[in-house]
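The following exercises concern the fold, the dimensions and the surface of one protein chain. Each task is followed by a worked solution.

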Amino acid sequence: MFGKWKLSVDTPFGDEVYTLDLFSDQNGFYGIIGNDKGFLKLTNIKISDGKFIYWEEKTDTPIKAKVIFNGSVEGKLMFGSIKIHEYLNVNFEGVLNESI
């Protein structure tokens, strides 16, 4: 589950590609998600059963919003949904790719 993921997010403006880097250490789980439009540090990641991932963070860019990420992992594949503020829910799928 840890490493560099390439995510395709189905937004109202078309598919957008993001990179999701997931890490762990003795203090827990953390990461970074972003693309050429900006990045968001992830400090509140929760992982259960080694296949479910959840995080929520607040951002000010490009809009001020609360972002909630729910994903499932099956091998090198990840899929799920991202809720942005109260009004937008988008789906994503991704692949673990160490060569990005």
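**Exercise 1.** State the order of the elements from the N terminus on, and establish how the overall dimensions relate to the globule rule.

Solution. From the N terminus on, the elements of the protein chain run β-β-β-β-β-β-β-β-β. The radius of gyration, taken over C-alpha atoms, is 13 Å, close to the 13 Å given for 100 residues by the globule rule, so the chain is as compact as a globular protein of that length; the rule is 2.2 Å times the number of residues to the power 0.38. The count of elements is zero helices and nine strands, where helices (H or I, at least four residues) and strands (E, at least two) are DSSP runs numbered from the N terminus. Along the principal axes, the C-alpha trace spans about 35 × 25 × 25 Å.

This is a predicted model, in which local features need pLDDT of at least 70, side-chain atom pairs count only at pLDDT 80 or more, and totals for chains, interfaces and linings use all residues. Residues are numbered from 1 along each chain as its sequence is written, and side-chain values use heavy atoms, without hydrogens and water.

**Exercise 2.** Describe how strands β3 and β4 pair and are joined.

Solution. Strand β3 (residues 28-35) and strand β4 (residues 38-42) pair in the antiparallel sense over five bridges; pairing requires at least two DSSP bridges. N35 has G38 in β4 as its bridge partner. A hairpin of two residues joins β3 to β4.

**Exercise 3.** Determine what percentage of the residues is buried.

Solution. Of the 100 residues, 34% count as buried, that is, under 20% relative accessible area (1.4 Å probe, protein chains only).

Note on methods
Buried < 20%, exposed > 50% of the residue type's maximum accessible area, 1.4 Å probe, protein only.
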